[in-house]
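Hi,

Here is the structure I promised you. Have a look at it first, and then read on for what turned up.

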Amino acid sequence: MAFIRKRRLDRQLYSKERFSLLLLNLEEYYFEQHTANHIINKGCRDERKFRGSLKICSKSIIFEPDDNIQPIIKIPLRDCISIKAPEDNEANNPFTRDTSGGISVVCNQVFLIKERNIIAPYKTVRGRTEHLFQLDVAGKLGDVVQTLHQLYRASCLDKMGDQAAMITAILQSRLARTSFDKNRFQSISETLHMECKAEMVTPLVTNPGHVCVTDANLYFQPLNGYPKPVVQITLQNVRRIYKRRHGLMPLGLEVFCTENDLCSDIYLKFYDYQDRDELYFLIATYIENHITEHTAESYMLQWQRGHISNYQYLLHLNNLADRSCNDLSQYPVFPWIIADYSSSVLDLTKPETFRDLSKPIGALNKERLDRLLTRYQEMPEPKFMYGSHYSSPGYVLFYLVRVAPEYMLCLQNGKFDHADRMFNSLAETWKNCLDGATDFKELIPEFYENDSSFLVNSLKLDLGKRQGGKMVEDVELPPWASGPDDFLQKSREALESQYVSEHLHEWIDIIFGCKQKGSEAVAAHNVFHPLTYEGGVDLNSIMDPNEKVALLTQILEFGQTPKQLFTIPHPRRIIPKLKSLSRTSSHSVSISESPVSPNEESFEDLTEESITLAWNNIAKLKLDVQYKIHKEAITGIAVTCNGSSVFTTSQDSTLKMFSKESKTIQRSVSFSNMALSSCLILPGDTTVISSSWDNHIYFYSIAFGRQQDILMGHDDAVSKICWRDGRLYSASWDSTVKVWHCVPGETLSNKKHHFELLAELEHDVSVNTIDLNAANTILASGTKEGTISVWDVTTATVLHQLPCHSGTVFDAAFSPDSRHLLSTGEDCCFKVIDVQTGMLISSVTAGEPQRCFKWDGNTILSGSQSGELLIWDLLGGKVIERIKGHTGAVMSMWMNEQCNSVITGGEDKQIMFWKLQY
């Protein structure tokens, strides 16, 4: 109801009128107003005169008396018999002009509105009547009558398209003769950047005028000066801006000065998409320095990780999918969540309480669906399963009629719907959505907000009498709700419940995602009329204006499907370790999930708090000591369990063992004259493994101080190695990743390691980095050409392959929960992939390449090309701290298990020890 609250505020601030644009017909314009007297029975003994305002509109004449007791009079131009000056002697010409200040309008039908200032269905007075309007400024009479003649001729045209074309020509002529009043600028120093014609869009109606953007403000000046002379928005206050599809055309632009408000500050519709795009560019350029542009993928990451609620996520998706509370044909759509409207207690722990979110409303009842599918199969092309939509202006106002009665009267030509078809009961409405032959509607955001006024007839509207004689009053609530506020509170709890969090991605697939169109939509029983989809009709290709108007009217009233945001299955939300609700006892485990034993879980619980504390304070990382121990860049770091010894590899071909306690190099080993690329320590701290550009992998015994073994497993440089559960994973520039089963040699003998090749993961180009998930079942690889591949290690098959980066992938790592994979590359970008679906869900651009990193799923600690350590808020897409470090690129990074100690190795040949200082 944000648009209703905003309208109320605007009218309180700027107008005391009873008149509003909602008194106009759909697609009608309000041109001008004149103070005047309405004279009834002129010259007679009972002559009466009412002071007020005469409104000239494109399809009607409206008179608003100053006296609130008197009704507003609306005279449709098509019902006029004559429009003339009463003192004109040219009796044979009913359409003439005079300068007396009076206009006589004879008509055969008139509507009386808001009598005694009560919102009610319009009263229709049929039969010949005459209305005399005497203008205060007699000199304007000629222009007013001429305008009325033009509009009358338009209203008399037989075809709607011809009428619309003539009215548009009149409107464009008026706009061409006027321009933005520069005296309305907030400051004389403002610089004009652009001016054009546009219409301000509000629900059901639009208002033409002039748009102006300067170096400081965005202005809109209505042609009619209603509801105020100028709408002004300070560019510095703009937080979000969206291009919109309005009337099936890419002509809309919506501007928000808040982060989370449902209703925008202004919605503009342009006559030319180039004007729209130019204005968008000007505003976006102004705000790009201090506003982060959010994509569906970036919001998805925030939602998955619990940083925004289910409600907030759905709001953001609606916004990105062209849904706006200013456009009732594209109003934000929210799902039915609760399926139980009969119990006295709402049990959110039972799956039966909830609607099946994997199906559209039309597919929830199998018997009804079978009937619809039979009709669908027999239907000629283009086929559709549902004859009505899940969101339309009629459905929105069905829910909101008690707080938006004037909108309902506008939509339905001055009438409320039949009392038995009103929003009378939650249980009845839900039952009709399940069983009704043509009712497939979803809900609106208001069901999950804090304002329950739409459920209460606080305006005391006469909405009719139902069969049985009962008046339509408040909405009947389910037994489990003690009142309207309690109903909304429980609805919000249901929306944020664990069951919904586990299944909301299924509904998103249907409304915004991969099951919205094509074969997936057919399989999901989610096919609507083709004209409701974006791109379903090209209005520019329709030359017949009558066909175009009819088609546009049909689609706007029927409803429109949201813009498709996702083309692959939407990832599910990451749920805390709680017992999962499921409709069936069996369920499939995601590839990114790993079972956790009670002992492991309790161990995690012991360390989780300290890890969280460390990452919350990661910006307090301070340099402890630094040592120059190599002659070339340092490529790998490994630390013994007790932290006493640090092993490093370098492009100078050496493996070095550094004692932190004595601050001395205790070992220096060279296996060949080629650079070493990485190192790791085997469990037990007895063996160090190093990978080399000479294609080999070297095993070094710490206890005996000698090379213990060598694995000649590749045909080109080995770029990265990992060790998990007795298996060695090696990546190479020979375009392979190899998995080895490794049986260590006996320490006190000369027996060598035994290597068994278990799998070979083939790539098209050189592999530069690898990482494994916590369960050791999924491996990620990054290549020199920027491709990220996600592999199922158990079957040696590729699950996902994405061209993430342009240039080399420097580093890649799974999040601690293994749900996401973060990578960084030569292109200065961080990319986040959802492991389950393979969807690229976030991209953050840095000013320079980030060579290595550690992360906790939300925050990143990265080593940059310039040597700085950067701390990133991944969800916000910004750097929150810069820490001076190396004098060259940070080439490698090690972090302890508690995440409070870090060691970095640089191009400057140094290792740096960092500590958190709480």
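Before the cavities, one definition: Ala, Val, Leu, Ile, Met, Phe, Trp, Tyr, Cys and Pro count as nonpolar, Asp, Glu, Lys and Arg as charged, and the others, Gly among them, as polar. With those classes, the lining of the largest cavity comes out as nine nonpolar residues, one polar and no charged ones. The residues in question are Trp336, Ile337, Ile338, Tyr341, Leu426, Leu443, Phe447, Tyr448, Phe487 and Ser491. Ser counts as polar because it is in neither the nonpolar nor the charged list. The volume of this largest cavity is about 60 Å³, and the count of cavities of 30 Å³ or more is five.

Please keep in mind that this is a predicted model. The mean pLDDT of the chain is 90, with 91% of its residues at 70 or more. Two stretches need a warning, though. Residues 88-99 have a pLDDT below 50, yet the model gives this stretch 27 contacts beyond near neighbours in sequence. Over residues 577-606 the pLDDT also stays under 50, and here the model has 38 contacts beyond four places in sequence. Where pLDDT is low, the predicted coordinates should not be read in detail.

Now for the strands. Seven of them make an open sheet with antiparallel pairing, in the order β11-β10-β9-β8-β14-β13-β12. At the edges are β11 (231-234) and β12 (240-246), each of which pairs on one side only. Ignoring direction, neighbouring strands in this sheet are turned by 30° against each other on average.

Within the sheet, β8 (residues 192-202) and β9 (residues 205-214) run antiparallel and are joined by 10 bridges. If you want a spot to find that pairing on screen, look for Glu195, which stands opposite Cys212 in β9.

What lies across this sheet? Helix α4 (residues 273-287) does, crossing β8, β9, β10 (217-222), β12, β13 (249-256) and β14 (266-270). The helix runs at about 30° to β13.

Further along the chain, there is a hairpin made by β30 and β31, with four residues between the two strands. Strand β30 covers residues 787-792 and β31 covers residues 797-803; they pair in the antiparallel sense over six bridges. Val790 stands opposite His800 in β31. In the turn, Ala796 has a positive phi of about 55°.

Cheers

Notes:
Residues numbered from 1 in each chain as written. Predicted model: local features only at pLDDT ≥ 70, side-chain atom pairs only at ≥ 80, totals over all residues. Heavy atoms only, no water. 1 Å grid on protein atoms, 1.4 Å probe; cavity = no way out; pocket = protein on both sides within 12 Å on 5 of 7 lines; lining within 4 Å. Points joined across faces, edges and corners; volume = space filled by probe spheres on them. pLDDT = per-residue confidence, 0-100. Contact = heavy atoms within 4.5 Å. Pairing = 2+ DSSP bridges. Axes fitted to C-alpha atoms, helices over the stretch in contact; angles between N-to-C directions.
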